[in-house]
Amino acid sequence: MKQYILLSAILLLAVTAFSQERYFTKNGHLSFEAGTDLEDINAVNNAATSVFDAGTGQIECAVLIKGFEFKRALMQEHFNENYMESDKYPKAIFKGKIINIDKVNFRKDGSYPLTIKGLLEIHGAKKEIETNGTMIIAGQAVSAHAEFTVLLADYNISVPGVVKDKISKTATVKINCIYSVLK
Amino acid sequence: MHMWKKTITILVILVIAGGAYGWYLYNKKPADIRKQTNCIELKATALAEAFNQDEAVANRLYVEKVLIVSGKVSNVQVDNAGHATVFLETGDPLSSITCGFYDDETGSVKKMVPGTIVRVKGNCTGKLVDVILNKCSLAE
């Protein structure tokens with residue numbers, strides 16, 4: 001009887017340990033679009049760092065503003081100097097929680113819908129956001145993607161009147177991460 | 001030619017030249033880091049140490065500068081979209097130098113083997129957990 005109790009305890013510990021694994025990436029892809037019909041404005045950052053806890057659902061993601069790559073040099077310069085003030089605010093950070101992480105079965109391949117809620121800090125301003133995403137489990141591979149829209153005014157990013165027809169009042173942000181187990 | 005005709009001709013030329021220069025600036029692509037010659041060369045361990053000691057000073061010294069960083073490859077990742085990333089050891093198991101390569105440099109990254117010493121040329125964008133370089137290539 002004692003052996004069964006001991007075995008059960010070990011199995012319980014193993015399952016608990018498995019479900020509480022932490023996953024991370026240092027080369028997540030984050031892109032945004034903030035253009036209009038008059039102007040294409042988009043950029044990509046291929047070095048997003050993100051970590052999440054499979055047990056609690058706590059998740060963090062950060063990017064360096066100067067890591068965004070544009071197709072045009074002048075656009076990149078204006079983005080850093082005039083709009084994001086990247087010398088003063090070098091990072092954008094999200095800290096939050098995957099509310100329904102308990103619905104993700106990390107031992108079963110599949111696509112799982114996510115609801116993510118937390119605090120997004122851009123340009124020194126913080127704002128609560130909630131968005132949906134998807135987590136894909138394929139064997140040992142764990143990936144996640146999400147898309148959401150931010151209002152530039154919420155983050156004190158002002159657009160001069162002379163270019164207001166070319167820059168959208170909102171930015172659509174897409175993030176795609178392939179995670180590894182944090183050992 | 002009358003004086004006023006000369007003046008108008010010069011003005012038209014100046015306007016056209018100004019417009020052409022503006023158009024050139026507007027469409028100018030970001031600099032190709034591979035062609036930059038003004039580089040700072042240092043070891044991966046020294047770069048990581050500089051950011052650990054004083055991030056503000058390291059930002060001034062290295063961010064938006066072209067670096068040639070030498071170090072031991074700890075990991076190589078190429079995703080399905082062809083984005084290649086090389087990680088260099090820094091002596092700290094929790095942090096490394098993350099080097100995001102140009103998409104057309106993926107072929108050279110695929111040949112890299114963890115444990116080998118490489119020299120990577122790239123643009124430093126700052127530090128999160130790792131010090132990050134983008135637009136990387138193997139230094140000649």
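**Exercise 1. Decide whether N45(A) is buried or exposed in this predicted model.**

Step 1. Start with the secondary structure: N45(A) sits in strand β2 of chain A.

Step 2. Count the neighbours. N45(A) has 24 C-beta neighbours inside 10 Å.

Step 3. Apply the cut-off: a residue is buried if 20 or more other C-beta atoms lie within 10 Å of its own. N45(A) therefore counts as buried, with its 24 neighbours.

Step 4. Look at who is around it. Once neighbours within four places in sequence are set aside, N45(A) is in contact with L30(A), V63(A), G67(A) and F68(A).

Step 5. Add a separation to the picture. From N45(A) to E81(A) is 36 residues in sequence, and the C-alpha atoms are 17 Å apart in space.

**Exercise 2. Now do the same for K169(A): is this residue buried or exposed?**

Step 1. Place the residue. K169(A) belongs to the loop between β7 and β8 of chain A.

Step 2. Count again. Within 10 Å of K169(A) there are 12 other C-beta atoms.

Step 3. Use the other cut-off: a residue is exposed if 12 or fewer such atoms are found. K169(A) is exposed because its count is 12.

Step 4. List the contacts. Not counting residues up to four places away in sequence, K169(A) touches L151(A), L152(A) and A153(A).

Step 5. Take one of these partners and check the spacing. L151(A) is 18 residues from K169(A) in sequence, yet their C-alpha atoms are 6.1 Å apart in space.

**Exercise 3. Work out which strands make up the closed barrel of chain A, and in what order they run.**

Step 1. Begin with the inventory: chain A has two helices and eight strands. Along the sequence, these follow the pattern α-β-β-β-α-β-β-β-β-β.

Step 2. Recall the chemistry of pairing. Strands of a sheet pair through backbone hydrogen bonds, either parallel or antiparallel.

Step 3. Follow β1(A) to β2(A). Strand β1 (residues 22–33) and strand β2 (residues 42–53) of chain A are antiparallel and share nine bridges. One pair to find on screen is R22(A) with its bridge partner D53(A) in β2(A).

Step 4. Go to the later strands. Strand β6 (residues 125–138) of chain A is joined to strand β7 (residues 141–151) of chain A by six bridges, again antiparallel. Here M135(A) has A144(A) in β7(A) as its bridge partner.

Step 5. Continue from β7(A) to β8(A), an antiparallel pair with ten bridges. In this pair, V142(A) stands opposite Y179(A) in β8(A).

Step 6. Close the ring. β1(A) also pairs with strand β8 (residues 170–181) of chain A, in the antiparallel sense and over seven bridges. Two bridge partnerships to look up are F24(A) with S180(A) in β8(A), and Y23(A) with V181(A) in β8(A).

Step 7. Put the order together. The closed barrel has eight strands and runs β1-β2-β3-β4-β5-β6-β7-β8 in chain A, with antiparallel pairing. From one strand to the next, the twist averages 25°.

**Exercise 4. Describe chain A as a whole, and then the span that UniProt annotates in it.**

Step 1. Check burial: 27% of the 183 residues of chain A count as buried.

Step 2. Check the range of the contacts. Among contacts in chain A between residues at least 6 apart in sequence, 57% join residues at least 24 apart.

Step 3. Turn to the record. An unreviewed UniProt entry places "domain: Lipid/polyisoprenoid-binding YceI-like" at residues 52–176 of chain A.

Step 4. Describe that span. Residues 52–176 of chain A are 9% helix and 50% strand, and the end C-alpha atoms lie 14 Å apart.

**Exercise 5. Find out how many residues each chain gives to the contact between chains A and B, and characterise the side of chain B.**

Step 1. Count both sides: chain B gives 22 residues and chain A gives 19 residues.

Step 2. Name the elements. Those giving two or more residues on the chain B side are α1 (3–27), β4 (96–101), β5 (117–127) and β6 (131–138) of chain B. Of these, α1(B) gives the most, with three residues.

Step 3. Sort by class. The side of chain B that touches chain A has eight nonpolar, nine polar and five charged residues.

Step 4. Finish with the layout of chain B, which is divided into domain 1 (1–30) and domain 2 (33–138). The C-alpha centres of these two domains of chain B lie 43 Å apart.

Technical notes. Residues numbered from 1 in each chain as written. Chains lettered and ligands numbered in written order. Predicted model: local features only at pLDDT ≥ 70, side-chain atom pairs only at ≥ 80, totals over all residues. Contact = placed C-beta atoms within 7 Å. Helix = DSSP H or I, 4+ residues; strand = E, 2+ residues; numbered from the N terminus. Nonpolar A, V, L, I, M, F, W, Y, C, P; charged D, E, K, R; others polar. UniProt positions renumbered as here; feature names shortened; annotations may be inferred. Pairing = 2+ DSSP bridges. Axes fitted to C-alpha atoms, helices over the stretch in contact; angles between N-to-C directions. Domains from an automatic or database assignment.
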